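This report is for a reader who is meeting the structure below for the first time. It deals with selected helices, helix pairs and unusual backbone positions.

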Amino acid sequence: MRSTAFFGRIYTSFGPTKVVDSLLAVNGTVVLAGDSRRIEAACRELECDEVDVSRGVGMPGFIDAHMHLSGLAIQDEGVDLRGVKSVEELRARVRDYLKAHPSLSVVLGRGWDDNLMGRTPTSADIDDIVGGRPALLIRVCGHAALVSSSALGSLDLSGLSGFIDRGPDGSPTGVIREDAVIRALRQLEPGPEEYMTYVEAEARRLVSQGITAVGFINVPLKLMPGLTSGSLPIRLRLYLDADALGLLEALGVHGGFGNDMVKVSGIKVFADGSLGARTAYLSEPYSDDPGNRGRALVDEAYMSATLRRASALGLQVAVHAIGDAALDVLLRGSKGMREHLRVEHASLVRDDQLPALRGLRIAIQPMFRVDDAPWIRSRLGDRVRWAYRFREMLSAGAALGLSTDAPVSPTDPWLNLAAATGGLEGVGQALSAEEALHAYTRGSAEVLGDERLGSLEVGSLADLIVASRDPLEVEPGELKGVRTLEAYVGGLRVYP
């Protein structure tokens with residue numbers, strides 16, 4: 001029997017906030033919380049490992065409800081294009097990367113943003129650098145990508161011509177969007193062993209930041225054997241691409257398949273794209289692109305049918321809906337079938353939509369309100385008041401979970417907390433520290449549909465971190481400076 005006792009100031013939950021002086025975990029589950037004398041007595045019988053958290057403060061580990069671990073791996077192992085401010089700088093980064101990796105047969109990268117670069121790049125901007133190699137350089141939002149001419153010629157994008165940008169003469173520009181990006185990535189991404197090496201490195205980095213569980217969105221099927229081997233130090237709740245639903249039905253895989261460390265939780269459906277790429281589906285055209293409302297990627301009939309099929313297996317359907325019109329499609333298509341529904345983003349919510357959010361589980365991204373601030377007003381005009389209505393969502397009765405959508409935003413949970421509480425300047429609404437901490441722990445567990453995660457109450461899984469400062473005793477702007485000193489998953493130390 002494996003037993004660990006923790007002593008010191010420990011938050012067991014933030015909604016409501018509860019503090020104890022000690023905690024006992026047996027075989028990875030919290031069995032006693034508070035009453036240090038009783039725990040000390042139990043440890044004399046159980047021969048516990050004892051942990052003193054008094055150099056900081058103990059609390060539940062962070063749960064990032066929506067993250068793309070495979071996308072993080074590509075960004076960190078490929079060409080990092082975050083922050084490039086011109087096409088020339090993009091070219092320079094690709095050139096430098098290939099000098100450092102001359103034997104590469106495929107060039108992958110991520111992070112460019114045309115809002116910073118002044119224009120959207122084309123294949124002509126990279127063809128001379130990559131030569132005959134296929135290249136896929138994904139936009140920061142993940143909803144558009146630049147491909148080399150050689151890649152465009154070799155990829156199977158049949159049936160997706162509507163997702164390929166074309167110039168005035170009708171020829172492809174090299175920019176692909178939405179479904180075409182996913183299809184291209186699945187054809188060019190690394191083999192399973194190499195891919196898992198990258199994912200394992202990301203998992204170790206995440207626990208060092210205090211993240212003990214992740215909703216892994218858009219899991220490549222080739223990673224499933226490696227992910228379910230139990231080699232990672234972090235809990236994973238897996239959401240596969242929507243087109244994997246047929247395979248899950250054929251195999252009879254139900255929601256919760258796996259174990260406490262790794263479970264299949266559901267599938268991911270895209271109802272629209274992103275505001276940055278102007279593909280989010282709006283009820284009225286973009287203010288800076290008249291005539292363009294974005295596009296719906298699914299309709300209500302597809303939504304209803306998919307929810308019905310997934311619900312029969314107890315699988316969640318995580319629906320990406322950023323624009324207000326996409327949220328309309330989701331709300332109408334999910335009537336009477338919300339038990340297995342979770343909503344990703346809900347970035348734009350009209351006044352008339354707020355009451356319909358009651359009871360919905362929504363994964364929100366506080367850093368979006370910071371990252372979008374420089375351009376969102378010109379894109380939306382007066383509708384900016386509909387953006388990131390976090391406090392009103394709570395008041396409407398939605399259950400909020402925090403996430404980063406990494407690699408779209410940085411994985412650092414302390415930075416994300418600062419954004420959530422107004423410690424970083426942005427658009428939309430901030431939460432109180434207690435609300436944000438609850439959303440980043442128990443709230444995210446609700447979004448994931450896992451009742452044993454997100455708190456350190458008796459019966460919960462013993463996922464605990466030690467923070468360098470008490471997050472309820474620092475100003476919002478100081479949260480980004482807090483650090484994770486130690487992390488435990490199931491009572492076992494996984495960092496440092």
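What follows describes a predicted model, beginning with two helices and ending with the backbone.

**Helix α8**

Helix α8 covers residues 192-208. Its 17 residues reach 24 Å from the first C-alpha to the last, close to the 24 Å expected at 1.5 Å a residue. The buried residues of α8 are Y195, M196, Y198, V199, E202, A203, L206 and V207. In an α-helix there are 3.6 residues a turn, so residues three or four places apart point the same way. The elements that the buried residues of α8 pack against are β6 (62-67), α2, β13 (211-219), α9 (224-227), β22 (484-489) and β23. After α8 comes G210, with a positive phi near 105°.

**Helix α17**

Helix α17 is formed by residues 433-448, and these 16 residues should span 22 Å at 1.5 Å a residue. The C-alpha atoms at its ends are 21 Å apart, which agrees with that expectation. There is nevertheless a bend of about 45° at A439. A439 is also one of the buried residues of α17. The others are A436, L437, Y440, T441, G443, S444, A445, V447 and L448. G449 follows α17 and has a positive phi, near 70°.

**Two helix pairs**

Two packed helices are described by the angle between their axes and the distance between the axes.

Helix α2 (residues 69-77) packs on α8 with the axes 9 Å apart and at an angle of about 100°. Because of this angle, α2 is roughly perpendicular to α8. On the α2 side, the contact is made by L69, S70, L72, A73, I74, D76 and E77. On the α8 side, Y195, Y198, V199, E202, R205 and L206 take part. Among these, Y195, Y198, V199, E202 and L206 also appear among the buried residues of α8.

The other pair is helix α11 (residues 300-312) and helix α12 (residues 324-333), whose axes come within 8 Å and cross at roughly 50°. That angle makes α11 oblique to α12. The crossing of α11 and α12 is right-handed. Here E300, M303, S304 and L307 of α11 meet V329, L330, R332 and G333 of α12.

**Unusual backbone positions**

Most residues other than glycine have a negative phi, and most peptide bonds are trans. The table lists four places that depart from these habits.

| Position | Feature | Value |
|---|---|---|
| A406 to P407 | cis peptide bond | omega about 15° |
| Y495 to P496 | cis peptide bond | omega near -5° |
| D35 | positive phi | about 65° |
| Y388 | positive phi | near 55° |

Where do the two prolines lie? P407 is found in the loop between β20 (399-402) and α16 (413-420). P496 belongs to the segment after β23 (492-495). β23 is also one of the elements against which the buried residues of α8 pack.

D35 sits in the loop between β3 (29-33) and α1 (36-46). Is D35 buried or partly exposed? Its relative accessible area is 44%, so D35 is partly exposed. Y388 is placed in the loop between α14 (376-380) and α15 (390-396). Y388 counts as buried because its relative accessibility is 2%, and buried means under 20%.

Conventions:
Residues numbered from 1 in each chain as written. Predicted model: local features only at pLDDT ≥ 70, side-chain atom pairs only at ≥ 80, totals over all residues. Heavy atoms only, no water. Helix = DSSP H or I, 4+ residues; strand = E, 2+ residues; numbered from the N terminus. Expected span 1.5 Å × (residues − 1). Bend = angle between axes of the 7 residues up to and from the residue. Buried < 20%, exposed > 50% of the residue type's maximum accessible area, 1.4 Å probe, protein only. Axes fitted to C-alpha atoms, helices over the stretch in contact; angles between N-to-C directions. Parallel < 35°, antiparallel > 145°, perpendicular 65-115°, else oblique. Left-handed = near helix turned anticlockwise from the far one by under 90°. Contact = heavy atoms within 4.5 Å.
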